[in-house]
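Below are some comments on the model, set out as numbered points for a colleague who wants to go through the coordinates.

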Amino acid sequence: MDPKLLQTILPLVVIVIVMALRFRSLKKAQPLRPGTLWIAPVLIIAVAMAVLYATPLSAMGLSIGAVAMVIGAAIGWQRGKMIRIERDPATGKLTQQASPAAMILLVGIIGLRYVLRSYFDLTPGADGKMSGQALLVTDVLLLFAVGLIVATRAEMIIRVRRLTGSDTQQGAAQ
């Protein structure tokens, strides 16, 4: 089989399998541990900082990246609002249930990545290095992901605090 074709088909097959499994799990609520909501944002910010330190963006690249991060944050906030969070009155335990719309949004983002990848030819050249344009696109997509993940989790944390009354308890303690 042609390696280039395999390089295109294999990730698509993996994505379809993962998304099919995720869609199947959408029918039932999953336990939500509020104490772990900060982990994904910290990890993605650390990765973004390391990548941008290794290959710094130009002033124009930073401005494009900032716009991408704001757009990612706006979409992430909406995605976070689509995730149902409930508190069991008897046990006080929290559950989360992603909506199909949130999953479709993720599929759309993955599709956009593939379109951009083919449009900008984001594959490394013969020397093994990516072009400046390709690096810019990947860095901008990374900053988009930072905005998306941080805003999603921030929105979820705010709702968890409202549900559990954490804000009122902290205010009363002071």
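1. Leu-6, Leu-10, Val-14 and Val-18 together make up a nonpolar patch on the surface, and their combined accessible area is about 330 Å². Val-14, one of these residues, belongs to helix α1, which covers residues 3–25. With a relative accessible area of 44%, Val-14 is partly exposed, because the partly exposed class lies between 20% and 50%. As with everything that follows, this patch should be read with the reminder that the model is predicted.

2. For the overall layout, the protein chain contains six helices and three strands, and along the sequence these elements follow the pattern α-β-α-α-β-β-α-α-α. The accessible surface of the protein chain is about 11400 Å², and carbon and sulfur atoms account for 69% of that surface. Of the 174 residues in the protein chain, 24% count as buried. Among contacts with a separation of 6 or more, 80% are made by residues 24 or more positions apart.

3. The three strands form an open sheet whose order is β1-β3-β2, with antiparallel pairing. The edge strands, each of which pairs on one side only, are β1 (30–31) and β2 (84–87). Between β1 and β3 there are two bridges, and these strands run antiparallel; on this side of the sheet, Pro-31 has Thr-95 in β3 as its bridge partner.

4. The pairing of β2 with β3 (residues 94–97) is likewise antiparallel and involves four bridges. Arg-84 stands opposite Gln-97 in β3, while Arg-87 has Leu-94 in β3 as its bridge partner. These two strands, β2 and β3, form a hairpin with six residues between them, and Gly-92 in the turn has a positive phi of about 80 degrees.

5. Helix α3 takes in residues 59–82, a run of 24 residues, and its first and last C-alpha atoms lie 35 Å apart, which is close to the 34 Å expected at 1.5 Å a residue. Which residues of α3 are buried? They are Gly-61, Gly-65, Ala-68, Gly-72, Gly-76, Arg-79 and Gly-80, a list that a colleague may wish to display on the helix when inspecting the model.

6. Helix α5 covers residues 132–164 and includes Asp-139. Is Asp-139 buried or exposed? Asp-139 counts as buried because its relative accessibility is 4%, and the cut-off for that class is under 20%. When its neighbours within four places in sequence are left aside, the residues in contact with Asp-139 are Val-51, Leu-52, Thr-55 and Leu-57.

7. The structure holds one salt bridge, in which the side chains of Glu-155 and Arg-159 meet at 3.0 Å, N to O. Because Glu-155 and Arg-159 are four residues apart in helix α5, about one helical turn separates them. Both partners fall in the buried class: Glu-155 has a relative accessibility of 6%, and Arg-159 has a relative accessible area of 17%. For Arg-159, then, the assignment as buried rests on a value of 17%, set against a cut-off of under 20%.

Key. Residues are numbered from 1 along each chain as its sequence is written. This is a predicted model: local features need pLDDT of at least 70, side-chain atom pairs count only at pLDDT 80 or more; totals for chains, interfaces and linings use all residues. Side-chain values use heavy atoms; hydrogens and water are left out. Two strands pair if DSSP finds at least two bridges between them. The expected span of a helix is 1.5 Å times one less than its number of residues. Buried means under 20% relative accessible area, exposed over 50%, partly exposed in between (1.4 Å probe, protein chains only). Contact means heavy atoms within 4.5 Å. Patches are made of residues with over 30% relative accessible area and no salt bridge: like charges are joined within 9 Å, nonpolar side chains (Val, Leu, Ile, Met, Phe, Trp, Tyr) within 5 Å. Accessible areas come from the Shrake-Rupley method with a 1.4 Å probe; for residues, only the protein chains shown count as cover. A salt bridge is a side-chain nitrogen of Lys or Arg within 4 Å of a carboxyl oxygen of Asp or Glu.
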